[in-house]
Amino acid sequence: RLPRDWWKSAVVYQIYPRSFADGDGDGIGDLRGIIDRLDHLKRLGVDVVWLSPVYRSPMDDNGYDISDYQDIDPLFGTLAEMDELIAAAHARGLRVVMDLVVNHTSDEHAWFEESRSSRSSLKRDWYVWRDPRPGFLGGTPGAEPNNWGAAFSGSAWAWDEATGQYYLHLFSPKQPDLNWEHPEVREAVYAMMRWWLARGVDGFRMDVINLISKDQAYADGPVPDGGLYGDNFKAVACGPRLPEFLKEMHTEVFAGHDRPFLTVGEMPGVTVELAQEYTDAANAELDMVFQFEHVDLDSGPGGKWDVRPLHLTALKASLGRWQAGLAQRGWNSLYWDNHDQPRAVSRFGNDDPQHRVRSAKALATVLHLHRGTPYVYQGEELGMTNYPFQGIEDFEDLESVNHYHEAVAHGADPERVLAALRYKGRDNARTPMQWDASAHAGFTSGDPWIAVNPNYVDINVAAQVDDPDSVLSHYRSLIDLRHDEPTVADGDFTMLLPDDERVYAFTRAHEGTELLVVANLSDDDGVAVPVDDAQAWSEAELVSTNGPVAQGDSPITLSAWEARVYRRS
Ligand code: TEU
């Protein structure tokens, strides 16, 4: 029987179903495509598959707007195929984690349709309805209940003419926020979760779960310099009842089962102190959270699109603080990218052909040797890169498209807006998975819904699967290392050389075994790694390398984007 914290030695693979593999030739990835490709995951050696949403949805936000939690969208397949997928995954020893999007539903969900049908609807309070600001005529500028902006541009309030009130949507107007203060909402969500667990699902990745307990005052937020709307972050993130709701969910859904589950809460803006509470096993809330600090380091005060250079020292300080903060209580999840972030190698590495392979491998080494559960986002294991977007017409994502129009309408330079979108736009992560060098990268026999990255001819699974020096093979060996070497899963973490601008170095220690991880995250060759005890370390066993190594070189010297893991006991 697996221990309760089995996920400490596990690796999770994230699938964005729309872009993974298309089984029926309509140009959109689907469940059949995933079933057909499960052996890729088996070969890679991951333990868990997390599926981004496949529920019935109008697809305003590619499935993060759900209109029926207990059905599969016809674009992706059927419930019978979902059962088949779960069985096929389990047959290969893979667990299946679904995305749980319960901060909001689609505006086309039956709950919302009933809620908006009249002010006296029995489900009226399942969502957040408010009157216009006193003295204002509803639906006119400034009449919104408060000044909050939505994540996908515009106000966070949408006017409902028929019932004369506004509803809250922290994301798009097609994603109305559920009112978690209402016990019936919580019970309905828990019942739905139990239904999926009974179908064989092994856990949930919980979308923006730290936004479900809002400050009930719904007061105006501070407007940042040059901003259009008030910031709602303090009023909605990590709110007062969040621990209570998470504990209740745990009791109502997961407690008392004899099966090994995994729960991970997506929590933009969470602090390490709060993450400690949410992930402390003694609190019975969540197994781990996704924090955002390291993916916000290249943002300025103007937010996500205010792009700033990324400094390695800041990255190490941030990830190092999370390692230290969750050392005794709680647990980290580890990720470089996902479906909302640019490609890891294009952001933290160097996607120039000269450095791409080595930098992708070095980044993987660093991440997978941290203490925590690593997440691999589809294509990351190939070193897939950002897409060469040109104009705004190349973008599909509502976040990018809305932001462009809003910013340009308010006087921003279109070229500058586009430069930020090219670097950070979510579509970078959403171009199709690159399977082979055939048409459309083997993703579909039809017309892909979004363009395939032209570099698929060189960067694809078929080209890497039998190449021992490929990015893919390197991921495979790092995943094996986590399974085989207890120090990777359980060891203490100590950051070294915090002020070094080029080298990421740390040790892991567990029951008399020590690992030293050194990585040169720069384009420079001949970079010395001035760790204590370099002579002894350079003679230790090398358990992972990225590049040819002259054993016993002291001081340890690394070429561009070279990474090594030494082991001694
Ligand atoms: O993302 C929430 C989130 O905080 C951001 O990553 C957000 O998507 C955006 O990039 C802010 O700039 C989750 C999902 O991962 C995302 O795909 C959804 O669009 C969003 O929630 C709404 O469900």
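# A guided look at strands, domains and a ligand shell

Student: In this predicted model, which residue in the turn of the hairpin formed by β16 and β17 has a positive phi?

Tutor: Good place to start! The hairpin joins β16 to β17, with six residues between them. One residue in that turn has a positive phi of about 50 degrees, and its name is L497.

Student: How many bridges hold β16 and β17 together, and which residue of β17 is the bridge partner of F493?

Tutor: The two strands pair in the antiparallel sense, over five bridges. To find the partner, start at F493 and look across to β17. There you meet R508.

Student: What is the strand order of the open sheet with five strands, and which strands are at its edges?

Tutor: The pairing in this open sheet is antiparallel, and the order is β16-β17-β18-β22-β20. An edge strand pairs on one side only, so look at the two ends of that order. Those edge strands are β16 (492-496) and β20 (541-546).

Student: By how many degrees are neighbouring strands of this sheet turned against each other on average?

Tutor: Here the direction of the strands is ignored. Taken that way, the average turn between neighbours in this sheet is 15 degrees.

Student: Which residue of β18 stands opposite T507?

Tutor: Let's set the scene with the two strands. β17 covers residues 503-510 and β18 covers residues 513-520, and eight bridges pair them in the antiparallel sense. Opposite T507, in β18, you find L516.

Student: Which helix lies across β16 and β17?

Tutor: Look for residues 312-325. That helix runs at about 155 degrees to β16. Its label is α9.

Student: Into which domains is the protein divided, and how far apart are the C-alpha centres of domain 1 and domain 4?

Tutor: Domain 1 is made of several segments (6-105 + 183-210 + 238-388 + 431-471), while domain 2 is 110-168, domain 3 is 389-430 and domain 4 is 491-568. Between the C-alpha centres of domain 1 and domain 4, the distance is 29 Å.

Student: Which elements give two or more residues to the side of domain 1 that touches domain 4?

Tutor: The contact takes 18 residues from domain 1 and 23 residues from domain 4. By class, the domain 1 side has six nonpolar, eight polar and four charged residues. The elements that give two or more residues to this side are α9 and α11 (356-368).

Student: In the open sheet of three strands, which residue of β8 is the bridge partner of R130?

Tutor: This sheet has the order β6-β8-β7 with antiparallel pairing, and its edge strands are β6 (129-130) and β7 (157-160). Two bridges join β6 to β8 (residues 165-168). In β8, the partner of R130 is Y166.

Student: Which residues come nearest to the ligand?

Tutor: There are 14 residues around the ligand. By class, this shell has six nonpolar, one polar and seven charged residues. Those that come nearest are D61, Y64, F171, P268 and D340.

Student: What feature does UniProt place at residues 14-430?

Tutor: Over this stretch the chain is 31% helix and 13% strand, with its end C-alpha atoms 12 Å apart. The feature comes from an unreviewed UniProt entry, where it is called "domain: Glycosyl hydrolase family 13 catalytic".

Key:
Residues numbered from 1 in each chain as written. Predicted model: local features only at pLDDT ≥ 70, side-chain atom pairs only at ≥ 80, totals over all residues. Near = placed C-beta within 6 Å. Nonpolar A, V, L, I, M, F, W, Y, C, P; charged D, E, K, R; others polar. UniProt positions renumbered as here; feature names shortened; annotations may be inferred. Helix = DSSP H or I, 4+ residues; strand = E, 2+ residues; numbered from the N terminus. Axes fitted to C-alpha atoms, helices over the stretch in contact; angles between N-to-C directions. Contact = placed C-beta atoms within 7 Å. Domains from an automatic or database assignment.
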